[in-house]
Amino acid sequence: MSPQPSSAAPRHVPVLPAEVLDALAPAPGQTIVDATVGAGGHARLIAERLGPTGRLIGLDQDASMLDLARARLAGLPVTLVQSNFDELATELKRLGIEKVDGILADLGVCSDQMDAPDRGFSFQQPGPLDMRMDATLGEPASSLLARLSERELADVFWQYGEERFSRRIARRIVDTRRLEPLATTDQLADLVRRCVPWPKGRRPAIDPATRVFQALRIAVNDELGALERFLADLPRCLKPGGRAVIISFHSLEDRRVKHAFRERAHWQALTRKPIQAGEEEIQNNPRSRSAKLRAAQLVTEDPGRAGRAS
Ligand SMILES: C[S@@+](CC[C@H](N)C(=O)[O-])C[C@H]1O[C@@H](n2cnc3c(N)ncnc32)[C@H](O)[C@@H]1O
């Protein structure tokens with residue numbers, strides 16, 4: 001049985017919805033992939049524009065998110081597949097689809113995953129230290145914390161979280177695990193908070209546990225490896241002139257997307273600078289604050305035919 005999301009109705013609010021539609025330009029009869037279908041917010045907006053002859057293929061590696069998306073997308077021309085997006089080419093082949101008109105990826109985790117204490121993504125509620133997006137595969141965060149050396153832990157916190165106190169935190173984890181296993185989110189969050197000095201006289205702007213939790217989640221799910229394999233596969237999954245739209249939430253992801261779309265042999269950029277949310281969206285949906293959208297079009301045989309969207 002898949003782990004349960006926090007409620008039956010999705011809580012996740014899609015970021016940059018108008019900008020996604022503008023960049024992806026879905027049209028009746030097209031086949032579009034939402035590689036991170038999540039709670040189905042973007043997918044619904046896209047599928048509504050595809051008409052009865054179009055089709056949206058929605059991928060997610062998290063079975064509980066597919067359950068949410070299924071309810072939200074009922075009645076629309078949608079096929080949902082549980083898969084990592086680094087398997088996109090294989091999944092399309094399995095569905096008998098050679099190439100598609102557009103591909104969206106909205107990276108990271110949904111609010112619904114963050115809010116489910118049993119998933120262990122959030123330091124704000126006690127729960128088991130799991131953090132796997134596919135709860136049936138790989139190693140939970142608690143097992144990584146028990147297995148990695150002090151040096152490896154420090155590298156994870158530094159490389160994926162840019163945590164300045166990575167070594168101190170790694171040392172404290174190794175000392176602690178000699179006495180008791182680190183098994184819960186509140187145990188780890190408390191440990192990190194005790195290692196990181198607070199700025200004098202004021203609360204830190206973000207909880208000191210934020211960067212360590214982000215880093216562990218990236219490591220547990222091999223998020224950067226999956227993103228690199230996905231980016232490398234995109235050109236063979238898209239029709240010439242097809243569009244790829246990627247929303248990232250931290251510089252480690254955005255750097256990889258920017259680099260991939262610079263490959264002139266494949267891509268004509270549709271966004272010179274990443275598109276970011278305006279003040280109003282940030283107020284209504286604080287998660288959109290760090291979102292960066294980049295879009296590119298697969299070059300046709302005649303590069304002159306691939307026009308700029310904006
Ligand atoms: C930010 S949410 C997407 C939200 C969605 N756009 C919406 O409007 O509801 C990201 C989703 O991508 C999924 N995900 C993250 N990395 C993935 C990967 N490598 N392969 C497949 N799904 C992934 C997560 O499980 C999560 O449900």
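Student: Which residue follows H1, and what is the sign of its phi?

Tutor: This is a predicted model, so every value comes from computed coordinates. H1 is followed by alanine 25, and the phi of alanine 25 is positive, near 50°.

Student: Which residues of H1 are buried?

Tutor: Start with the general idea. An α-helix has 3.6 residues a turn, so residues three or four places apart point the same way. In H1, the buried residues are Val20, Leu21, Ala23 and Leu24.

Student: What covers the buried residues of H1?

Tutor: The cover includes four strands and a helix, listed here:
- strand E1 (31–34) and strand E4 (100–106);
- strand E5 (238–248) and strand E7 (292–298);
- helix H2 (41–47).

Student: How is the chain divided into domains?

Tutor: Read the residue ranges, since a domain may be made of separate stretches. Domain 1 takes residues 17–112 together with 224–309, while domain 2 takes 119–220. Over C-alpha atoms, the centres of domain 1 and domain 2 are separated by 30 Å.

Student: How many residues of domain 1 are in contact with domain 2?

Tutor: Eleven residues of domain 1 touch ten residues of domain 2. About 870 Å² is buried between domain 1 and domain 2, with 54% of that area given by carbon and sulfur atoms.

Student: What is the count of salt bridges between domain 1 and domain 2?

Tutor: The count is one salt bridge. A salt bridge joins the side chains of arginine 119 and aspartate 62, at 2.8 Å from N to O. Two residue pairs are in polar contact between the domains, both at pLDDT 80 or more. On the side of domain 1 that touches domain 2, helix H12 (residues 251–261) gives the most, with three residues. The residues of that side divide into six polar, three nonpolar and two charged.

Student: How many salt bridges does the structure hold?

Tutor: The structure holds 19 salt bridges. To read one, look at the distance, then at the place of each partner in the chain. Aspartate 115 and arginine 11 meet through their side chains at 2.4 Å, N to O. This pair links distant parts of the chain, 104 residues apart. Aspartate 115 is in the loop between helix H5 (111–114) and helix H6 (141–147), and arginine 11 is in the segment before helix H1 (17–24).

Student: Why does aspartate 115 count as partly exposed?

Tutor: The relative accessible area of aspartate 115 is 23%, and partly exposed covers the range between under 20%, which is buried, and over 50%, which is exposed. Arginine 11 also counts as partly exposed, at 48% relative accessibility.

Student: Are aspartate 130 and arginine 132 buried or exposed?

Tutor: Aspartate 130 and arginine 132 are both buried. The two form a salt bridge in which the closest N and O atoms are 2.9 Å apart.

Student: Where do glutamate 163 and arginine 211 lie?

Tutor: Glutamate 163 lies in the loop between helix H7 (150–161) and helix H8 (166–179), and arginine 211 lies in helix H10 (residues 209–220), so the pair ties together parts that are 48 residues apart in sequence. Their side chains meet in a salt bridge of 3.0 Å, N to O. Glutamate 163 counts as buried, at 0% relative accessibility, whereas arginine 211 is partly exposed, with a relative accessible area of 26%.

Student: Which residues do salt bridges that share partners join into one network?

Tutor: The network consists of Asp86, Asp222 and Arg229.

Conventions
Residues are numbered from 1 along each chain as its sequence is written. This is a predicted model: local features need pLDDT of at least 70, side-chain atom pairs count only at pLDDT 80 or more; totals for chains, interfaces and linings use all residues. Side-chain values use heavy atoms; hydrogens and water are left out. Domain bounds come from an automatic or database domain assignment. Contact means heavy atoms within 4.5 Å. Buried area is the accessible area (1.4 Å probe) that two parts lose on being put together, summed over both. A salt bridge is a side-chain nitrogen of Lys or Arg within 4 Å of a carboxyl oxygen of Asp or Glu. A polar contact is a pair of N or O atoms within 3.5 Å; within protein, one must be able to donate a hydrogen and the other to accept it, and residues adjacent in sequence count only if both atoms are side-chain atoms. Helices (H or I, at least four residues) and strands (E, at least two) are DSSP runs, numbered from the N terminus. Ala, Val, Leu, Ile, Met, Phe, Trp, Tyr, Cys and Pro count as nonpolar, Asp, Glu, Lys and Arg as charged, and the others, Gly among them, as polar. Buried means under 20% relative accessible area, exposed over 50%, partly exposed in between (1.4 Å probe, protein chains only).
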